[in-house]
Amino acid sequence: MLIVFGGLPGTGKTTLARLLAARIGGVHLRIDTIEQAIVRSGLARQPLGPVGYVVGYALAEEHLRQGLTVIAESVNPLAVTRDAWRDVGVGAGVPVVEVEVICSDPAEHRRRVTARSVDIPGLVLPDWHQVLSRDYAPWDREHVVVDTAGQEPEESLASLIRRLGAAGVTGLPAGCLRSPRP
């Protein structure tokens with residue numbers, strides 16, 4: 001299965017994707033990690049354009065063809081990137097679930113953006129103005145939405161797991177769609 005995360009910076013998508021990957025034994029594929037590795041190689045500088053996503057699509061397909069569940073995580077801001085992820089899953093013959101992570105409380109979202117620390121060496125995080133002015137198109141098809149505002153990460157994970165179950169997601173390891181214990 002391919003689970004595709006998207007959402008603006010600072011909404012909690014990396015934290016949530018990591019928690020889900022650990023919970024289900026999936027591969028967490030983070031586009032920021034790929035892009036920063038390309039920059040560190042000296043072959044390119046930011047902004048990279050589509051190169052990080054293209055590498056991510058190839059890695060995801062390879063892992064999916066090995067029978068692994070992949071959690072692909074990126075801002076995933078445009079229909080073209082969302083369609084490309086879906087095409088990866090279809091090409092690998094696996095179900096695709098799209099998850100949009102939001103933070104509906106603007107003050108909390110801003111606090112997260114301004115207070116977070118870099119966990120990838122050399123990665124420059126966007127400031128609040130850059131997050132607000134980012135090109136981010138509304139989703140035009142069914143997807144799971146998780147609002148992380150006012151929640152601890154484990155609460156957001158429980159919400160995601162409930163929504164995945166309600167969406168009829170099957171094929172994940174036995175028991176993983178049960179909510180985690182408090």
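Here, buried means under 20% relative accessible area, exposed over 50%, and partly exposed in between (1.4 Å probe, protein chains only). By that yardstick Asp 119 is partly exposed, with a relative accessible area of 40%. This is a predicted model, so local features need pLDDT of at least 70, side-chain atom pairs count only at pLDDT 80 or more, and totals for chains, interfaces and linings use all residues. Residues are numbered from 1 along each chain as its sequence is written, and side-chain values use heavy atoms, with hydrogens and water left out.

**The sheet**

- Helices (H or I, at least four residues) and strands (E, at least two) are DSSP runs, numbered from the N terminus.
- Five strands make an open, parallel sheet in the order E2-E3-E1-E4-E5; two strands pair if DSSP finds at least two bridges between them.
- E2 and E5 (144-147) sit at the edges with a single partner strand each, so one side of each has no neighbour in the sheet.
- E4 and E5 run parallel and are joined by four bridges, with Val 101 opposite Val 146 in E5.

**Helix H4**

- H4 covers residues 79-92, and its end C-alpha atoms are 20 Å apart, in agreement with the 20 Å expected for 14 residues (1.5 Å times one less than the number of residues).
- Its buried residues are Thr 81, Arg 82, Ala 84, Trp 85, Val 88, Gly 89 and Ala 92.
- Seen down the axis of H4, those buried residues fall within an arc of 160°, so they line one face (the arc is that of the directions from the helix axis to the C-beta atoms).
- Turned away from that buried side are the exposed residues Val 80, Asp 87 and Val 90.
- Packing partners of the buried residues include strand E1 (2-6), helix H2 (31-41) and strand E4 (96-102), where contact means heavy atoms within 4.5 Å.
- Right after H4 comes Gly 93, with a positive phi near 75°.

**Salt bridges**

- The whole structure has nine salt bridges, each a side-chain nitrogen of Lys or Arg within 4 Å of a carboxyl oxygen of Asp or Glu.
- Asp 119 pairs with Arg 18 (2.6 Å, N to O); Asp 119 is in the loop between H5 and H6 and Arg 18 in H1, so the bridge ties together parts 101 residues apart in sequence.
- Asp 119 also bridges to Arg 30, with the closest N and O atoms 3.0 Å apart; Arg 30 counts as buried at 9% relative accessibility.
- Within H5, Arg 112 and Glu 108 form a salt bridge, closest N and O atoms 2.6 Å apart, and both are buried.
- Shared partners link Arg 18, Arg 30, Asp 32, Glu 73 and Asp 119 into one network of salt bridges.
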